[in-house]
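Me: Please take me through this structure by way of short questions, each settled from the values computed for it. I should like the cut-offs stated as the terms arise.

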Amino acid sequence: MMQSQFDIVVVGAGPAGMSAAVEAAKHGATVCLLDEQQRAGGQIYRNVAQTTPAQAKILGKDYLAGGRLVQELGQSAVDHRAGVTVWNVGEDGAVTYSRNEQAGQVRGQHVIIANGATERPVPIPGWTLPGVITAGAAQIMMKSDGLVAQNAVLVGSGPLLYLVATQLLAAGAPPKALVETQTRRNLMSALPHFFGAVKDWKQLVKGMRFLVTLKRAKVPRYTAASEIAVEGTDHAQAVTFRAGGKDHRIETDMVLLHQGVVPNTQISRSLKLDHRFDDIQRCFHPVTDALGQSSHPLFSIAGDGAGIGGAKVAAISGRLAALNALASIGKIDAGLRDTQAAGLIRSRQSELSIRPFLDVLYTPPEEVFAPADDTIICRCEEVRAGDIRKFAAMGCDGPNRTKVFGRCGMGPCQGRNCGLTVTEILAAEHKRTQNEVGAFRIRAPLKPVTLSELSALSDTIHQDKTQ
Amino acid sequence: MFKPLETPPSDEQLSFTFDGKPVAATRGMSVAGALFQSSTDAIRNTPVSGSARGPFCMMGACYDCLVQIDGVTVQACQIPVTDGLVVSRVPNTHKGAE
């Protein structure tokens, strides 16, 4: 029988979850770490412990740095359960998951949610065509499938767009073009934040180096692009857009979309924790204090799932959440928590210094939040932006009611791909703030479960109770 | 579409079937990755309009890469390829489908 009671349960084995679990175990807590992937690392350090020399060369130092965390996790006493899909987190700290058709449940006195970020939805005409994937997906395929996207056109904005482009270049598959949405006006608005960003000059230099590399390789870059669409019937065939006062058309069967990442709030929403809309990052964040404590005493949130800061920030906030959890269950006292937290909070602050500059410079264009009427926004149920506007005119005043009006957000992805867009469209239609409009209510199961998994679960719980 | 970063050693090469057709893969690849490698990007039709869809996020969030294994609908990006795995398309339930 597998152990089912733990001091601390951590959901997600990215940088935040790994460091939270390791830190908590170091202080003598029993820790269970649940993660959907076969190996620890999250999306950012995906497969890092198994990279071949060729992959290592292409993916770079920052990626390989994640190997140390994976190693520390392997040497710790953490009970790491890989390849499990968490589909319910109860208010009592019970976390239910399935693995290979079997269901399981663990209970923590405190639960740390470290489920990271997902790509921001980029609803443009043709984004549902096969051959259109996220830039993150292309990177995942380099990391874990050993595959490189060829003749890709990268569309959107943000640091990851340049990182992926240079990685493709290094892998011998130069992208066909970068179609970027940031404008001169974005740059002007970002300038006041430049002095803050200079504190992290190494990151700035790295960014500049990406641009120089792309220029040397003669990868065409179009900036301030608008009216972007993907053409095709059964596959992507071309990207069309306007830039520099001209219409452009670039043929490709591989389009990589990216407009930054946003917190994955499926678990925090399902627990009805408090969330606030962040006007700069333009997404919802669960409300947490400096240590990651959420609005519910049993739950802390660490990493990008609490607000986008990147891998290094996530690793620091993982340790902070562990200290918070340890103190809340009496494993350490508040004094030790605060002394250890102080230094971590300072280093997180310095890691975050470049963030406001990047967030403003690469803020998504309005057409991402206000897609044209005939653009699909809910990929699962194929609901279009114009449908949501029609629902709004008919009196639909909140995201949950769009489900009743037209099944928006009711498909298998449970609103992961349309939630933010629905909130933005309803806010614009009703002239209200995103906070006033709110977000989809999320209910378990967080991921679809089969009936056999459900019945296996009742057997497991029954055995637990009769022991 | 996609090319391998390097030639895998022969003991790492696997084969599975998608709708009865053999597909080559390398150990560690997901079903979605291997299908992409074989230039198969359209792997299902949507129930609403019948339009073609393929893998999109590769991290288990979008549910666009649904396939069937042993009669169960699963996400192709979350399933590592094993030798001899039998994968099929999810039935096209769109009203206009033959």
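**Burial, packing and pairs**

Me: Is Leu326(A) buried, partly exposed or exposed?

Reply: Residues under 20% relative accessible area count as buried, those over 50% as exposed and those in between as partly exposed, with a 1.4 Å probe and protein chains only. Leu326(A) has a relative accessibility of 0%. The class of Leu326(A) is therefore buried.

Me: What pLDDT do side-chain atom pairs need to count here?

Reply: Residues are numbered from 1 along each chain as its sequence is written, chains are lettered from A and ligands numbered from 1 in the order in which they are written, and side-chain values use heavy atoms, leaving out hydrogens and water. This is a predicted model, in which totals for chains, interfaces and linings use all residues, local features need pLDDT of at least 70, and side-chain atom pairs count only at pLDDT 80 or more.

Me: How far apart are the C-alpha atoms of Leu326(A) and Glu23(A)?

Reply: Leu326(A) is found in helix α11 of chain A; helices are DSSP runs of H or I with at least four residues, strands are E runs of at least two, and both are numbered from the N terminus. Beyond its neighbours within four places in sequence, Leu326(A) is in contact (heavy atoms within 4.5 Å) with residues including Ile8(A), Glu23(A), Ala24(A) and His27(A). Leu326(A) and Glu23(A) are 303 residues apart along the chain, yet their C-alpha atoms are separated by 9.5 Å.

Me: Which helix gives the most residues to the largest nonpolar core?

Reply: A nonpolar core is a set of buried Ala, Val, Leu, Ile, Met, Phe, Trp, Tyr and Cys residues joined through side-chain atoms within 4.5 Å. The largest one has 130 residues, and among those touching the most other members are Ile8(A), Leu256(A), Phe2(B) and Phe16(B). The top contributor, with 11 residues at positions 311–328 of chain A, is helix α11.

Me: Why is this core placed between two domains, and which are they?

Reply: Chain A is divided into domain 1 (5–118 + 262–332), domain 2 (121–259) and domain 3 (370–432), with bounds from an automatic or database domain assignment. Two of these domains both give residues to the core, so it lies between domain 1 and domain 2 of chain A.

Me: How far apart are the C-alpha centres of domain 1 and domain 3 of chain A?

Reply: The contact takes 6 residues from domain 1 of chain A and 5 residues from domain 3 of chain A. The C-alpha centres of the two domains lie apart by 30 Å.

Me: Which helix of chain A packs its buried residues against β21, β22, α16 and α17?

Reply: The buried residues of the helix at 385–393 include Ala385(A), Ile388(A) and Phe391(A). Just after this helix, Gly395(A) takes a positive phi of about 110°. The helix that packs against β21 (376–378), β22 (383–384), α16 (399–406) and α17 (419–430) of chain A is α15(A).

Me: How many disulfides does the structure hold?

Reply: A disulfide is a pair of cysteine sulfur atoms within 2.5 Å. The sulfur of Cys418(A) is 4.0 Å from the closest cysteine sulfur, in Cys408(A), and so too far for a bond. The sulfur of Cys283(A) is 16 Å from its closest partner, in Cys418(A), again too far. Over all chains, the number of disulfides is 0.

Me: Which residue of chain B forms an edge-to-face pair with Trp127(A)?

Reply: Rings of Phe, Tyr and Trp (its six-membered ring) pair if their centres lie within 6.5 Å; planes under 30 degrees apart count as stacked, over 60 as edge-to-face and the rest as tilted. Trp127(A) is buried at 1% relative accessible area, and its partner is buried at 4%. At 5.8 Å centre to centre and 85° between the planes, the pair crosses between chains, from Trp127(A) to Phe56(B).

Me: What is the angle between the ring planes of Phe194(A) and Phe195(A)?

Reply: Phe194(A) is partly exposed at 32% relative accessibility, whereas Phe195(A) is exposed at 69%. Together with Phe357(A), these residues form one aromatic cluster. Their edge-to-face pair is 6.3 Å centre to centre, and the angle between the planes is 75°.
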